[in-house]
Every structure is written in structure tokens, then in C-alpha cells.
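Me: Please take a close look at one part of this model, the place where two helices pack together. Then say what else is worth noting around it.

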Amino acid sequence: MKVTFPEVCWQDAERWGNDGKYYTASGVTAGIDMALGFIADRYDRAMAEDIARSMEYVWNDDPARDPFAR
């Protein structure tokens, strides 16, 4: 059973996103992408890129590009 809430703006193929102070992600690695996006939003992009590089992580910085969405 799918429950929907009219006040929620569902995104069918969004890997991660934010609405003001709220951030949400569609999975574990999407959560890493989201956290880096949060850092880029709150601090700056260079810091997020430095963190991703130090983790040896390839950051998917486009929340609308989810290669695993159906």
C-alpha cells in the first residue's frame, strides 16, 4: 500500500535533494552525495570537492541524475 501526502513534493528520479533546511537522499551512496552537497551549500564547493577527493570518492553532484532510478 502506497501512502502519499499532498504536502510532500515527491521526486521520481531524484538521487538527493533539499528543501530549505531539510536534506534527504535515496540510499547510502546518495547520502554521501547529499552530505557533500550540504557541505557545498553551507561552506563552499571547493571544500566538498576536497573532502570527496580525500575519501577517494567520485561525487555525483547533480541531484537530478540518478543512474539507478526506475
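Reply: This is a predicted model. Start with helix H1, residues 28–42, and helix H2, residues 45–54. Their axes come within 7 Å. They cross at roughly 150°.

Now the residues that make the contact. H1 brings Leu-36, Ile-39 and Ala-40. H2 answers with Arg-45, Met-47, Ala-48, Ile-51 and Ala-52. By class, seven residues of this H1–H2 contact are nonpolar, one is charged and none is polar. Arg counts as charged, so the charged member is Arg-45 of H2.

Ala-40 deserves its own look. This residue sits in helix H1. Set aside its neighbours within four places in sequence, and Ala-40 is in contact with Arg-45, Ala-48 and Trp-59. Both Arg-45 and Ala-48 belong to the H2 side of the helix pair. Asp-61 lies 21 residues from Ala-40 along the chain. The C-alpha atoms of Ala-40 and Asp-61 are 9.5 Å apart.

Next, the largest pocket. About 530 Å³ of space lies in it. The lining has 20 residues, and those closest to the pocket centre are Cys-9, Trp-10, Gln-11, Glu-14 and Thr-24. Two strands take part: S1 (16–19) and S2 (22–25) each supply at least two lining residues. The lining of this pocket divides into ten nonpolar, five polar and five charged residues. The helix contact, by comparison, has no polar residues.

Technical notes: Residues are numbered from 1 along each chain as its sequence is written. This is a predicted model: local features need pLDDT of at least 70, side-chain atom pairs count only at pLDDT 80 or more; totals for chains, interfaces and linings use all residues. Side-chain values use heavy atoms; hydrogens and water are left out. Axes are lines fitted to C-alpha atoms, for helices over the stretch in contact, and angles run from 0 to 180 degrees between N-to-C directions. Helices (H or I, at least four residues) and strands (E, at least two) are DSSP runs, numbered from the N terminus. Contact means heavy atoms within 4.5 Å. On a 1 Å grid over the protein atoms alone, a cavity is a set of points where a 1.4 Å probe fits but cannot get out, and a pocket is an open set with protein on both sides within 12 Å along at least five of seven lines; lining residues have an atom within 4 Å of a point. Grid points are joined across faces, edges and corners, and a volume is the space filled by probe spheres set on the points.
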